[in-house]
Amino acid sequence: MKARIDALASPLTGKLVKHLVSAAKVVEGTALPAATQELVKIRASQINGCGGCLDMHTKEAAAAGETSLRLNLIAAWREATVFTDAERAALDLTEQGTRIADAAGGVPDDVWANAAKHYDEEQLIALTSLIALINAFNRLNVILQQPAGGYRVGQLGHHA
């Protein structure tokens, strides 16, 4: 695949991405577990079909010690037994927040309540912010058709 625009060469994209990365670093510094953050980024990227983000975040997660079993089962988290109840709640909120346009009423109250059983208010804000940020990165990459497959761990710094 050839990108529609070389986003990395664009001064405008550079400025925009710099601010998105700064916001992502705020989330990274919260009490939301790092493993959960990677699961969220990967699941939203799967839903959105963002090859660039999947390439980046699966490699970064593996480098941070995530197992191939868990990485391979993220898309089937409902049936998989390798995720904690808290991770499952985060993945459910990720799916609902990513597919927000599919639900006339937005994120269902029961999904939010389940997440709130596992995460405090700061973590819920971090989780919600992370879902919004990874969706922004996904949309930029998908719309501009950024190619995937050549990412090297640490190449762009770890961000949403």
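α2 and α7 sit oblique to each other, because their angle falls in none of the other classes (under 35 degrees is roughly parallel, over 145 roughly antiparallel, 65 to 115 roughly perpendicular, the rest oblique). Keep in mind that this is a predicted model, where local features need pLDDT of at least 70, side-chain atom pairs count only at pLDDT 80 or more, and totals for chains, interfaces and linings use all residues. Residues are numbered from 1 along each chain as its sequence is written, and side-chain values use heavy atoms, with hydrogens and water left out.

Back to that helix pair: the axes (lines fitted to C-alpha atoms over the stretch in contact, with angles from 0 to 180 degrees between N-to-C directions) come within 9 Å and cross at roughly 40°. On the α2 side, the contact (heavy atoms within 4.5 Å) is made by residues including Q37, V40 and K41, and on the α7 side by residues including L127, L130 and I131. Sorted by type, the contact residues are 7 nonpolar, 5 polar and 2 charged.

Now for the inside. The largest nonpolar core (buried Ala, Val, Leu, Ile, Met, Phe, Trp, Tyr and Cys joined through side-chain atoms within 4.5 Å, with buried meaning under 20% relative accessible area) has 23 residues, and L32, V40, L93, Y119, L127 and F137 have the most contacts inside it. At least two residues each come from α1 (11–28), α2 (34–48), α5 (85–98), α6 (109–118) and α7 (121–144). α7 gives the largest share, 8 residues. Another core, of 9 residues, lies apart from this one, with L39, I42, L71 and A80 among them.

Note on methods
Buried means under 20% relative accessible area, exposed over 50%, partly exposed in between (1.4 Å probe, protein chains only). Helices (H or I, at least four residues) and strands (E, at least two) are DSSP runs, numbered from the N terminus. Ala, Val, Leu, Ile, Met, Phe, Trp, Tyr, Cys and Pro count as nonpolar, Asp, Glu, Lys and Arg as charged, and the others, Gly among them, as polar.
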